[in-house]
Amino acid sequence: MVGLLGALGRVGERSSAEIARVMASYFRARDELEPVSREELLDRLRSGVVTLLDVRPEDEFARGHLAGALNVPLAQLELRLAELPQHREVVAYCRGPWCVLSFEAVALLRRRGYQVRRLEDGFPEWKVAGLPVESAPLA
């Protein structure tokens with residue numbers, strides 16, 4: 001019975017307008033610059049002026065990622081900064097618009113002097129839109 005009450009409480013929290021407002025303000029506060037739209041990212045990729053950074057874990061990246069993306073999981077980002085060009089814009093993405101991985105990556109890279117923004121959504125939305133994706137070959 002206690003488990004059921006706890007589960008019902010969690011459902012109520014998720015559907016609460018106040019919780020939604022708090023979450024939205026948290027994410028807006030984490031991103032001072034306007035996120036990059038899919039259309040804008042496609043244009044930048046075609047022009048070759050951006051480095052695309054997938055900060056999801058390696059297994060998720062292997063199952064599918066935006067075409068041409070470099071995978072540096074967030075936990076490894078600080079150790080692998082040398083793989084990112086310092087004087088080229090970076091666009092980070094992860095699992096979707098509420099995924100904190102890309103927000104954390106943007107914050108870390110900005111502190112290190114990178115010009116970086118995040119994709120407004122993530123891999124699932126990109127794939128559903130029928131945009132170019134790649135995956136690792138099956139072993």
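In this predicted model, four strands form an open sheet in the order β3-β1-β4-β5, with parallel pairing. Its edges are β3 (70-71) and β5 (116-118). Each has a single partner strand, so one side of each is left without a neighbour in the sheet. Strands of a sheet pair through backbone hydrogen bonds, either parallel or antiparallel.

**Pairing across the sheet**

β1 and β3 run parallel and share two bridges. β1 and β4 are also parallel, joined by five bridges. β4, residues 89-93, pairs with β5 over three bridges, again in the parallel sense.

Helix α5 (residues 100-111) packs on this sheet and touches β1, β4 and β5. The direction of α5 makes about 170 degrees with that of β5.

Individual bridge partners are set out below.

| Residue | Partner | Partner strand |
|---|---|---|
| Asp54 | Asn71 | β3 |
| Thr51 | Val90 | β4 |
| Asp54 | Tyr93 | β4 |
| Val90 | Val116 | β5 |
| Ala92 | Arg118 | β5 |

Asp54 appears twice in this table. Its partner in β3 is Asn71, and in β4 it stands opposite Tyr93. Val90 also appears twice. It is the bridge partner of Thr51 and pairs with Val116 in β5.

**The covered strands**

How many of the residues of β1 are buried? Five of its five are, and the strand is mostly covered. Both faces contribute. Val50, Leu52 and Asp54 are buried on one side, Thr51 and Leu53 on the other.

β4 is mostly covered as well, with five of its five residues buried. On one face the buried residues are Glu89, Val91 and Tyr93; on the other they are Val90 and Ala92.

Glu89 belongs to strand β4. Is Glu89 buried or exposed? Its relative accessible area is 6%. Buried means under 20%, so Glu89 counts as buried. Beyond its neighbours within four places in sequence, Glu89 contacts Arg44, Val49, Val50, Thr51, Gln115 and Arg117. Val50 and Thr51 lie on opposite faces of β1.

**Helices on the sheet**

Helix α3 covers residues 38-47. It lies across β1 (50-54), β4 and β5, and runs at about 125 degrees to β1.

Helix α5 has 12 residues. At 1.5 Å a residue they should span 16 Å; the end C-alpha atoms are 17 Å apart, which agrees. The buried residues of α5 are Leu101, Ser102, Phe103, Ala105, Val106, Leu108 and Leu109. After α5 comes Gly113, whose phi is positive, near 90 degrees.

Leu108 sits in helix α5. Its relative accessibility is 9%, so it counts as buried. Which residues does Leu108 touch, not counting those up to four places away in sequence? They are Leu77, Glu78 and Leu81. Leu108 and Leu74 are 34 residues apart in sequence, yet 9.5 Å apart in space, C-alpha to C-alpha.

**The disulfide**

A search of the whole structure finds one disulfide. It joins Cys94 to Cys99, with S to S at 2.5 Å. Both ends are covered. Cys94 has a relative accessible area of 0% and is buried. Cys99, at 8% relative accessibility, also counts as buried.

**The whole chain**

The protein has six helices and six strands. Along the sequence they follow the pattern α-α-α-β-α-β-β-β-α-β-α-β. Of the 139 residues, 37% count as buried. The accessible surface comes to about 8,300 Å², and 59% of it belongs to carbon and sulfur atoms.

Which share of contacts joins residues at least 24 apart, among contacts between residues at least 6 apart in sequence? The share is 70%.

Key
Residues numbered from 1 in each chain as written. Predicted model: local features only at pLDDT ≥ 70, side-chain atom pairs only at ≥ 80, totals over all residues. Heavy atoms only, no water. Buried < 20%, exposed > 50% of the residue type's maximum accessible area, 1.4 Å probe, protein only. Contact = heavy atoms within 4.5 Å. Areas by Shrake-Rupley, 256 points an atom, 1.4 Å probe, with all protein chains shown as cover. Disulfide = S-S within 2.5 Å. Pairing = 2+ DSSP bridges. Axes fitted to C-alpha atoms, helices over the stretch in contact; angles between N-to-C directions. Expected span 1.5 Å × (residues − 1).
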